[in-house]
Amino acid sequence: MSWASFSGDEVAALTQGESFFAAPAERACPACGRLRLRAYVTSPPAARRPTLVSYAWCGACEKFVGTRSKHPDGLVFSDPLALLPDAERRDLERSLTGFLVHLDRLWDTGVLPQTFAA
Ligand SMILES: [Zn+2]
C-alpha cells in the first residue's frame, strides 16, 4: 500500500457537484476516473468547537485527502466508528493508511456510507 495525497487540482475537483451529504454514494475519482471515490466524516467529541473531519479516498489509485472544517449547523449523521471503545478507535487512527483501508472495508461490507440528515 502506498497511499498519496490528492493534488490541489484534484481536491478542488472533489468540491464540485452535488454535496456528499446529499449524495453519499461512490463517485468518480478525480485522479483515476474510476467510480471508487468514497468518503467518511466524523465529529471529534474532544474538539473545542463543533468540528467536522472529512476523509475522501479512492481505493483504486490509493489517493486520499483529509480535511477539518466547521460542523455545519444542524447536520446530523450516523457514525459507525462512534461505537468503538476509545482505545480501539485510537489504535485504528494511529496509522492513516490502516485507517483508510479499514474505512474502505467498511464500505465494501455495507457499513458505510453513512446516512445524513440536515
Ligand atoms: Zn482514483
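Is A4 buried or exposed? Keep that one in mind for a moment, everyone, while I set the scene.

What we have here is a predicted model. How confident is the predictor in the protein? The average pLDDT is 93, and 99% of the residues score at least 70. Confidence is highest in strand 2, at 97, and lowest in helix 2, residues 86-94, at a mean of 91.

Now back to the opening question. A4 is exposed, with 10 other C-beta atoms within 10 Å; the cut-off for exposed is 12 or fewer, so A4 qualifies. A4 sits in strand 1. If we leave aside its neighbours within four places in sequence, A4 is in contact with E62 and K63. K63 is also the residue that stands opposite A4 in strand 4. V53, on the other hand, is 49 residues away from A4 along the chain, and the two C-alpha atoms are separated by 18 Å.

Let's step back and look at the overall layout. The protein has 3 helices and 6 strands. If you walk along the sequence, you meet them in the pattern β-α-β-β-β-β-α-α-β. The radius of gyration is 14 Å, and the globule rule gives 13 Å for 118 residues, so the protein is as compact as a globular protein of that length. If you like to picture a box, the C-alpha atoms fill one of roughly 35 × 30 × 25 Å along the principal axes. Buried residues make up 16% of the 118 residues. And here is one about the way the chain folds back on itself: among contacts between residues at least 6 apart in sequence, 53% join residues at least 24 apart.

Next, the sheet. In what order do its strands come? There are 4 strands in this open sheet, arranged 1-4-3-2, and the pairing is mixed. Strand 1, residues 4-5, and strand 2 are the edge strands, each pairing on one side only.

Let's cross the sheet from one edge to the other. Strand 1 and strand 4, which covers residues 63-70, run parallel and are joined by 2 bridges. Strand 4 then pairs with strand 3 in an antiparallel way, through 8 bridges. One place to find that pairing on screen is W57, whose bridge partner in strand 4 is F64. Strand 3 and strand 2 are antiparallel as well, with 6 bridges between them. Here a handy pair to look for is A39 and its bridge partner in strand 3, A56.

While you have a strand on screen, here is a bit of background: in a regular strand the side chains alternate between the two faces of the sheet.

How many of the residues of strand 2 are buried? The answer is 5 of its 6 residues, so strand 2 is largely enclosed by the rest of the structure. Helix 3 lies across strand 2, strand 3 and strand 4, and it runs at about 80° to strand 3.

That brings us to the largest nonpolar core. It has 15 residues, and the members that touch the most others are A39, A56, W57, F64, L100 and L103. Strand 2 (37-42), strand 3 (51-58) and helix 3 (96-108) each give two or more residues to this core. Strand 2 provides the largest share, with 4 residues. Let's zoom in on A39. Not counting residues up to four places away in sequence, A39 touches F20, S54, Y55 and A56.

Before I finish, two spots in the backbone. As background, most residues other than glycine have a negative phi, and most peptide bonds are trans.

Which residue has a positive phi although it is not a glycine? That would be E62, with a phi of about 60°. We met E62 earlier as one of the contacts of A4. E62 belongs to the loop between strand 3 and strand 4, and the hairpin that these strands make has 4 residues between them. With 18 C-beta neighbours inside 10 Å, E62 counts as partly exposed.

The other spot is a peptide bond. The one from L112 to P113 is cis, with omega near 5°. To find P113, look in the loop between helix 3 and strand 6, residues 116-117.

That's my tour. Thanks for listening, and do turn the model around for yourselves!

Key. Residues numbered from 1 in each chain as written. Core = buried A, V, L, I, M, F, W, Y, C linked by C-beta atoms within 7 Å. Buried ≥ 20, exposed ≤ 12 C-beta atoms within 10 Å, placed from the backbone. Contact = placed C-beta atoms within 7 Å. Rg over C-alpha atoms; globule rule 2.2 N^0.38 Å. pLDDT = per-residue confidence, 0-100. Pairing = 2+ DSSP bridges. Axes fitted to C-alpha atoms, helices over the stretch in contact; angles between N-to-C directions.
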